[in-house]
Amino acid sequence: MNQHKPGKTDEQWRESLSPEQYAVCRCSATEPPFSGKWYRHKEPGTYVCAACRAALFASEAKYDSGSGWPSFFQPTTRAAVSLQQDESHGMHRTEVRCAACDSHLGHLFPDGPKPTGLRYCINSLALDFEPLK
Ligand code: FE
């Protein structure tokens, strides 16, 4: 399914991503809230990794968190994302990465809706969208 295999060099990532995407996906930057193209997006389909096209979140798992970033209560599968402890910026957070290519996606917070109670807070720049055919 993956268009790009993990293990690209830094130079290859720079070439294949926009500067804004590179900053988020490969350098863990955070886009400004309410700035992203998928924040208010409501069409049926699948949100995929902007870097490697792996399926990450179904539109059914998207909800309006009011946070300014696309928010999901679960990934497509448990194995689609990897979680890492993130102690940067003086905070204890759980970082969410694409399991296939290790790109930074966003963070996980325990304040989501049922059924999981989780909020996967994801940068629009780390996502692309494939509409339901
Ligand atoms: Fe990926």
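In this predicted model, strand E5 and strand E6 (residues 93-98) are paired in the antiparallel sense, with six bridges between them. Two cross-strand positions illustrate the register: Ser-82 has Arg-97 of E6 as its bridge partner, and Gln-85 lies opposite Thr-94 in E6.

On its other side, E6 is joined to strand E7 (residues 104-109) by four bridges, and these two strands also run antiparallel. Here the bridge partner of Arg-97 is His-104 in E7. Arg-97 is thus listed with a partner in both directions, Ser-82 and His-104.

The two hairpins that involve E6 each contain a residue with positive phi, as set out below.

| Hairpin | Residues between the strands | Residue with positive phi | Phi |
|---|---|---|---|
| E5 and E6 | six residues | His-89 | near 60 degrees |
| E6 and E7 | five residues | Asp-102 | near 70 degrees |

These strands belong to an open sheet of six strands in the order E3-E4-E8-E7-E6-E5, with antiparallel pairing. Strand E3 (62-63) and strand E5 (81-86) are the edge strands; each has a single partner strand, so one side of each lacks a neighbour in the sheet.

How many of the six residues of E6 are buried? Six of the six are, so E6 is largely enclosed by the rest of the structure. Both of its faces are covered. Arg-93, Glu-95 and Arg-97 are buried on one side, while Thr-94, Val-96 and Cys-98 are buried on the other. The residues already named in the pairing of E6, Arg-97 and Thr-94, therefore lie on opposite faces of a strand that is largely enclosed.

Notes: Residues are numbered from 1 along each chain as its sequence is written. This is a predicted model: local features need pLDDT of at least 70, side-chain atom pairs count only at pLDDT 80 or more; totals for chains, interfaces and linings use all residues. Side-chain values use heavy atoms; hydrogens and water are left out. Two strands pair if DSSP finds at least two bridges between them. Buried means under 20% relative accessible area, exposed over 50%, partly exposed in between (1.4 Å probe, protein chains only).
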